[in-house]
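Biologist: I would love a close look at what lies at the heart of this protein. Please pick one part and walk me through it slowly, as if I were new to this.

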Amino acid sequence: QSPLAPYAKSCIGNDSAIFITIARNILFGDILFLDVADHKGPMIFFMDALGLWLGQGNIIGIWILEVISLFIASVFTYRTALLLTNNLIAVCATTLSILFITPILLGGNLTELWTLPFISISLFIFTRYLFHKNSTLSFFNLFTLSFCFIIALLFKASYIAIWCAFGSIIVIKLIQEHKSRKLMKYLLCIFISCLITLLPFLCYFHYHNALQEAFYWMFQ
C-alpha cells in the first residue's frame, strides 16, 4: 500500500516527502538540525537516508526497510500473543493487527511505522517477564529494552509511554518483593545501556556543533 513501493502510483504524503528531502540533503553533506531540520527526532531522517543509500538514491530502498520493519513487528506481535493464548488466536491477532494498521499508516514512512518493531520487541520482553514466575531480566534483555527505548525516543519523544508504564510496574513489583538489590542492578544496567546507545548520536551532533539545535528541534 505504500506509495514508495515499486508498483505504486499514488503520491507521497507531505510528511514523508519532507523526511525524504531531508534524508537526501544529509547524504549530500548537510548537517541535520543545523543546515536542514524538521520537528522530529533524528532517527526518521537517518532511516530514510539509509534507505536511499541502500536503493542507490531510489525510494524503493526506504520501502524495503518498511517491509522489514513491519515483518519484525509482526513476528514479535505473534510471539507476545503466543505467551497469552494458543497458536490459532495468536496468528489471527497478528494478521488482523497488520491488516488494520496498514490504512492507519497513511502510506508509510512515518515515525509510527518505524517505531513499531522497537515497541513490539520491548512488549514481548516485558510480557514474558511479567507472566512467568521466577523470571529475570538478563543484561541482554535490559540492553535490548534500553536500546529500543532510546531509538523510540529519537523517533519521537511521545512514543516512550510503553517503557514508562511497564517500567513502573516492574519497579513496583521488585519493591513489593523486597528485591532492592536486583532493582538497583537493573537500573544501573539500563543507565549504562542508554548511554551506550546515545553515544553515537551525541558524538555526531557534538562534532558538528549541533547539540543545542538537536535538543531544540526534538523537544522544545
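**A tryptophan and its surroundings**

Modeller: Let's start at W163, which, leaving aside neighbours within four places in sequence, is in contact (heavy atoms within 4.5 Å) with F118, I119, S122, F126, L145, C148, F149, A152 and S168. This is a predicted model, so local features need pLDDT of at least 70 and side-chain atom pairs 80 or more, while totals for chains, interfaces and linings use all residues. Numbering starts from 1 along each chain as its sequence is written, and side-chain values use heavy atoms, without hydrogens or water.

Now step back from W163 to its wider setting. W163 is one of the residues with the most contacts inside the largest nonpolar core, together with F45, W114 and F155. That core has 57 residues; such a core joins buried Ala, Val, Leu, Ile, Met, Phe, Trp, Tyr and Cys through side-chain atoms within 4.5 Å. Buried here means under 20% relative accessible area (exposed is over 50%, partly exposed in between; 1.4 Å probe, protein chains only).

Which helices feed this core with at least two residues each? They are α1 (14–27), α2 (42–54), α3 (60–84), α5 (111–130), α6 (139–155), α7 (161–176), α8 (180–207) and α9 (211–218). The protein has nine helices and zero strands (DSSP runs of H or I, at least four residues, or E, at least two, numbered from the N terminus).

Let's follow F45, another of those well-connected core residues. F45 sits in helix α2 and pairs with F19 in helix α1, 26 residues away, so the pair links distant parts of the chain. The two rings are edge-to-face, with 5.8 Å from centre to centre and 75° between the planes. For such pairs of Phe, Tyr or Trp (six-membered ring), centres lie within 6.5 Å; planes under 30 degrees apart are stacked, over 60 edge-to-face, the rest tilted. Are these two residues buried or exposed? F19 counts as buried because its relative accessible area is 1%, and F45 is buried too, at 0%.

F19 and F45 also have company: they form one aromatic cluster with F33, F46, F201, Y204 and F205. Across the whole structure, a search finds 16 aromatic pairs.

Finally, here is the overall view. Of the 220 residues, 40% count as buried. Among contacts with a separation of 6 or more, 69% come from residues 24 or more positions apart. The C-alpha atoms fill a box of roughly 55 × 45 × 25 Å along the principal axes.
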